Amino acid sequence: MKFKFILFAITLFTTLSYAQTKVGTVNSDYIIGKMPQMKNVIRRVENYNKRLDSSFQIKAKDFKAKVEAFKAAQKTLSEEEKKSKVDEIAALEQEIGNFRQNGAKLLQLQRDENMRPLYKKLSEVIAEVAKANGYTQILTTNGNQFGYVDERFDITKLVLEKLGIKE
């Protein structure tokens, strides 16, 4: 009899503890893509990319001009002058390679910096919606991290509504 009572108590406790947790999901990438501010972020990042590209084009033209000048004057240069010009061209080529690598990193930093306010706003709205609907946890569905998700607990549409965004 005592064993049955303990088993019943454990079953009741387990059931109650599960009932207290409400887990939902949200597709944050989808929402970010729908936010009107995203157009401004894309425009700013594209403008920054154009500025980087114009700087790269200037360096590339300078490199090409030095190579052409070297080819034209190569026959009249002394060995010491040739070595100096080749070293100068090699250094400029290295600088262009570094600029290309740094440009990609700078572009990513610029994108991240512009996206930060959108993610902050999204996080705040997700928290509001979750609290208003009694969720204890909200998981993101980005990256196919789940084998199964019950659509009834996906709050993506509620967050979009709260942000005033239509699907």
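When I speak of helix axes today, I mean lines fitted to the C-alpha atoms, for helices over the stretch in contact, with angles running from 0 to 180 degrees between N-to-C directions. With that in place, let me turn to the model itself, which is a predicted one, and to the pair of helices that I would like to spend my time on.

First, the overall layout. The chain has five helices and two strands, and reading from the N terminus the elements follow the order α-β-α-α-α-β-α. Of its 167 residues, 23% count as buried.

Now to helices H3 and H4, which cover residues 37–73 and residues 79–132 respectively. Their axes come within 10 Å of each other and cross at roughly 180 degrees. Since an angle over 145 degrees counts as roughly antiparallel, H3 is therefore roughly antiparallel to H4. If we sort the residues of this contact by class, we find 19 nonpolar, six polar and twelve charged ones.

What do the charged side chains do here? As a general point, side chains of opposite charge can pair when their charged atoms come close. The structure holds six salt bridges, and I will go through three pairs, beginning with Lys 59 and Glu 95, whose side chains meet in a salt bridge with an N to O distance of 2.8 Å. This pair links distant parts of the chain, since Lys 59 sits in H3 and Glu 95 in H4, 36 residues apart. Lys 59 has a relative accessibility of 24% and so counts as partly exposed, and Glu 95, at 38%, also counts as partly exposed.

The next pair is Lys 66 with Glu 88, a salt bridge at 2.6 Å, N to O. Here too distant parts of the chain are linked, with Lys 66 in H3, Glu 88 in H4, and their positions 22 residues apart in the numbering. Lys 66 counts as partly exposed at 30% relative accessibility, and Glu 88 is partly exposed as well, with a relative accessible area of 33%.

The third pair stays inside one helix: Glu 79 forms a salt bridge with Lys 82, and their closest N and O atoms are 3.7 Å apart. Both residues lie in H4, three residues apart, which is about one turn of the helix. In general, an α-helix has 3.6 residues a turn, so residues three or four places apart point the same way. Is Glu 79 buried or exposed? At 61% relative accessibility, Glu 79 counts as exposed, whereas Lys 82, with a relative accessible area of 21%, is partly exposed.

There is one further residue pair to mention. Asn 40 is found in H3 and, at 30% relative accessibility, counts as partly exposed. Asn 40 and Asn 114 are 74 residues apart in sequence, yet their C-alpha atoms are 8.9 Å apart in space.

Let me finish with the geometry of H4 on its own. This helix has 54 residues and reaches 79 Å from its first C-alpha to its last, close to the 80 Å expected at 1.5 Å a residue. Where does H4 bend? The bend, of about 35 degrees, is at Met 115, and a proline, Pro 117, follows within four residues. After H4 comes Gly 134, whose phi is positive, near 75 degrees.

Methods: Residues numbered from 1 in each chain as written. Predicted model: local features only at pLDDT ≥ 70, side-chain atom pairs only at ≥ 80, totals over all residues. Heavy atoms only, no water. Salt bridge = Lys/Arg side-chain N within 4 Å of Asp/Glu carboxyl O. Buried < 20%, exposed > 50% of the residue type's maximum accessible area, 1.4 Å probe, protein only. Expected span 1.5 Å × (residues − 1). Bend = angle between axes of the 7 residues up to and from the residue. Parallel < 35°, antiparallel > 145°, perpendicular 65-115°, else oblique. Nonpolar A, V, L, I, M, F, W, Y, C, P; charged D, E, K, R; others polar.
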